[in-house]
Every structure is written in C-alpha cells, then in structure tokens.
Amino acid sequence: SRLVLDLRETRLLIDHRVNRTGYLPEILLDGRRFLVGEVRNVTGLDRGELSDEISELSFRDLAVGDDGAPIVIDRMWLPAADRRVALLATAGKAAGAMRPITFPDLLKRGMQELYLFKARSFGTESGPLGDRVSPSLDLESPYLYIRNSLRGSELRAEPGDFVLTRQGDFVGVVVACDNVEIGSKEEAKCFVFPAAPVFAGALEIDLAARDGNGNHSTFARAVRGLAEEWHRLDARHRM
C-alpha cells in the first residue's frame, strides 16, 4: 500500500514540515490487516527529534476503503521484540494481505529465493538477495543480516525496505545499517517476527489524539521517549 504522511511542527521562525509517500507491505496479524515499516522512516523522525508542537499529523493508506476514500490510520503499535518496527492498523478486506513467516520457520525454510523491495519506489525497485543474506545464530535475536557493498551496483538494503520470499510471504523489515568496513561495506539488519505473540507488550500510540492546544503531543512524547532505546538497538552488533 502507499502510505502518505503529512506532519507539521510549529516553530518560531519557519515551521518544520514532512510530506512523504512510501510503499509499505500489508500483512495479516491476529486476523487484522497492518502496514509494516521502520518507525523513524514511517513517521519522519529520521529527519530529527520533534517537539510537542505538532499541529498537523495525518497517516493515510491510499488503498481505497469501503467508502471509496483513502483509509485514515489512527493507531500504531511498536512490538516489544523491536520498537523500531511500526505496525499501522488499516481497514479494508484482509484477503490481499501477506502472512508473515516467523523466524523459526524461516530457518527451517532456508535463505534461498529471498527478495529485497525498496520502501520508496512503490514496489518497482527490487532484486534477489542471493548469498548476501544470513540469519542470526541466536534464536532469541530474530534478525537477518544483509551485506551491502557501497562500491558496487547491487540494490542497497536501507531502513524501511522489506524482504519477501519468491512465493510472496512477508519475511521482515530492515531496521538499521551497521558499517562493517567504513566506506566499502555495511550490514543491514532485517527484523523477522519471532514465534512469540506479536502484541504481547507492544506499545500502542494514538495518532489522532490532540491536547488542549490542538497539538499531537501524545504522539510526540511517545516517540521522543523511545530515542534512547532506538540508539541502544542501533548500537547492538550481530549475534
């Protein structure tokens, strides 16, 4: 689905605005349909921290709802397994949504025929991962590691991009990149859903709530409070 973000932060001189369109996969979890992405990429936080003065905040799924209009998204969940993963609840029929493969099932299946899709190109930019991908050796650390060559022409895996099987199963979303050899190689970390229930301990964020001044301060405070945890997760190396 195409997700459109409109955000406006009131500032003293010039307001900070984010208008972004991305391509997010639709997955089916607990019988409900979600768009999945990397939270900073989805919310515009990859451009810096936000104050409480968020006067405009809108997330729209351009897949048409039952009333013929784009679907307004007002809830986001961040799983306890990795708070960098964003699950945005969307309406509509779940028939076209992909089912995610869990990390244990992926290990049984093997790493063959996995494909990388870019989040910013509406599904038109993709490529096979081949032997660039390897799994974590720790079952408690459900990640794939994708090797990026910064000097070659291969498709680079970046936060927000996602991986599918050739059969169309959802594998995971890229949440971070780590320099292996500065200037020549890096490793992208792709989160794969563990076998444990996804919503146990998940953080729910109300995207529609406004305070007495009409600002989306609930959203701003929630994501600002996660900055330290994101930094810690980004600094964690391969296991």
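## Sheet, cores and salt bridges

M76 has L88 in strand 8 as its bridge partner. This is a predicted model, and that pair is a good place to start reading it.

**The sheet**

Strand 7 spans residues 75–78 and strand 8 spans residues 85–89. The two strands pair in the antiparallel sense over two bridges. They form a hairpin, with six residues between them. W77 also has a bridge partner in strand 8, namely L87.

Strand 7 has a neighbour in strand 16 too. Strand 16 covers residues 203–206, and four bridges join it to strand 7. These two strands run antiparallel. Here L78 has L203 as its bridge partner.

Now place these strands in the sheet. Five strands form an open sheet, in the order 3-4-8-7-16, with antiparallel pairing. Which strands stand at the edges? They are strand 3 (26–29) and strand 16. Each has a single partner strand, so one side of each has no neighbour in the sheet. From one strand to the next, the twist averages 35 degrees. In general, strands of a sheet pair through backbone hydrogen bonds, either parallel or antiparallel.

**The cores**

M76 and L88 appear again in the largest nonpolar core. This core has 25 residues, and L7, F59, M76, L88, L207 and F219 touch the most other members. Several elements each supply at least two of its residues, among them strand 1 (2–9), strand 5 (54–64), strand 7, strand 8 and helix 3 (217–224). Another core lies apart from this one. That second core has 20 residues, including F34, V36, L87 and Y145.

What does L7 touch, leaving out residues up to four places away in sequence? Its contacts are H16, R17, V18, T43, L50, I54, E56, L57 and F219.

F219 sits in helix 3, where S217, F219, A220 and V223 are buried. These four cover an arc of only 160 degrees around the axis, so they lie on the same side of helix 3. A general rule helps here. An α-helix has 3.6 residues a turn, so residues three or four places apart point the same way.

**Salt bridges**

Side chains of opposite charge can pair when their charged atoms come close. The structure holds 22 salt bridges. Three of them are listed here.

| Salt bridge | N to O distance | Burial |
|---|---|---|
| E56 with R17 | 3.1 Å | E56 partly exposed, 32%; R17 partly exposed, 45% |
| D61 with R33 | 3.6 Å | D61 and R33 both buried |
| E158 with R156 | 2.9 Å | E158 partly exposed, 29%; R156 partly exposed, 34% |

E56 and R17 are also both among the contacts of L7. Why does the salt bridge of E56 and R17 tie together separate parts of the chain? E56 lies in strand 5 and R17 in strand 2 (residues 16–23), so the joined parts are 39 residues apart in sequence.

D61 and R33 form a salt bridge as well. This pair links distant parts of the chain, with D61 in strand 5 and R33 in strand 4 (residues 32–38), 28 residues apart.

E158 and R156 make a further salt bridge. Elsewhere, salt bridges that share partners join E38, R40, D82, R84 and D234 into one network.

How values were computed. Residues are numbered from 1 along each chain as its sequence is written. This is a predicted model: local features need pLDDT of at least 70, side-chain atom pairs count only at pLDDT 80 or more; totals for chains, interfaces and linings use all residues. Side-chain values use heavy atoms; hydrogens and water are left out. A nonpolar core is a set of buried Ala, Val, Leu, Ile, Met, Phe, Trp, Tyr and Cys residues joined through side-chain atoms within 4.5 Å. Buried means under 20% relative accessible area, exposed over 50%, partly exposed in between (1.4 Å probe, protein chains only). Contact means heavy atoms within 4.5 Å. Two strands pair if DSSP finds at least two bridges between them. A salt bridge is a side-chain nitrogen of Lys or Arg within 4 Å of a carboxyl oxygen of Asp or Glu. The arc is that of the directions from the helix axis to the C-beta atoms. Axes are lines fitted to C-alpha atoms, for helices over the stretch in contact, and angles run from 0 to 180 degrees between N-to-C directions.
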